[in-house]
Amino acid sequence: MIYYIFKEQIFTVFLSLAHLTAMTFPDRIHDYVGGQEQDFKIYELNKKRSLVFEPKRTAVDRNFIVFGKKVKHHFNIKYDEKLSNKDIEIRTARSCSLYTLIKETTHYQLFECPKSLLIVNKKRSKLKVNEAFVDKKKFISKGPPVWIDSKLRYYRGRAL
């Protein structure tokens, strides 16, 4: 699964006890920090471009930061068998001017671009999208699950 990530946005990676989870980054990893030893074991592979997580328990809910040469990625690591991915490739997200409407409700519109998603808030109050709040509209990372007002609305490349 390809995750197009904006560097200022936090995303979530879900682990499973049934399989390892590999994350491959565009550049070499210089360092990483987060979690505790009893949560998961981490393997560095692919000439320090990939991290493989082996969870040790189900009660995992940690913050994690990966430091690259020019960029750092902030994400949450959680345990969830249903939402977990085996292989995640991290790429840089980009805003765009050509997009397709993939979901519309009375509260929001969700558009898909080749390397990002665009959320348009139709409410007068702020819209909670993952861990951030959107006033009017915002480009967000494409690939990771998207929660809008605490409900899963985008998962594995499709609107729910």
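A residue is called partly exposed when its relative accessible area lies between the limit for buried, under 20%, and the limit for exposed, over 50%. In this predicted model, E44 has a relative accessibility of 39% and therefore counts as partly exposed. Its salt-bridge partner is K48, with the closest N and O atoms 3.6 Å apart. K48 is likewise partly exposed, because its relative accessibility is 32%.

The pair E44 and K48 belongs to a broader set, for the count comes to eight salt bridges. Another of these joins the side chains of R91 and E89, with an N to O distance of 2.9 Å. R91, with a relative accessible area of 33%, is partly exposed, and E89, at 32%, falls into that class as well. A further salt bridge links D135 to K126, where the closest N and O atoms are 4.0 Å apart. Here the two partners fall on either side of the 50% limit: D135 is partly exposed at 49%, whereas K126 is exposed at 52%. Salt bridges also connect D39, R57 and R62 into a network.

The aromatic residues complete the picture. A pair of aromatic rings is described by the distance of the centres and the angle of the planes. The structure contains nine aromatic pairs. One of them, formed by Y3 and F11, is edge-to-face, with 6.1 Å from centre to centre and 85 degrees between the planes. Both Y3 and F11 are buried. These two residues also take part in one aromatic cluster together with Y32, F40, F53, F64 and F75.

How values were computed
Residues are numbered from 1 along each chain as its sequence is written. This is a predicted model: local features need pLDDT of at least 70, side-chain atom pairs count only at pLDDT 80 or more; totals for chains, interfaces and linings use all residues. Side-chain values use heavy atoms; hydrogens and water are left out. Rings of Phe, Tyr and Trp (its six-membered ring) pair if their centres lie within 6.5 Å; planes under 30 degrees apart count as stacked, over 60 as edge-to-face and the rest as tilted. Buried means under 20% relative accessible area, exposed over 50%, partly exposed in between (1.4 Å probe, protein chains only).
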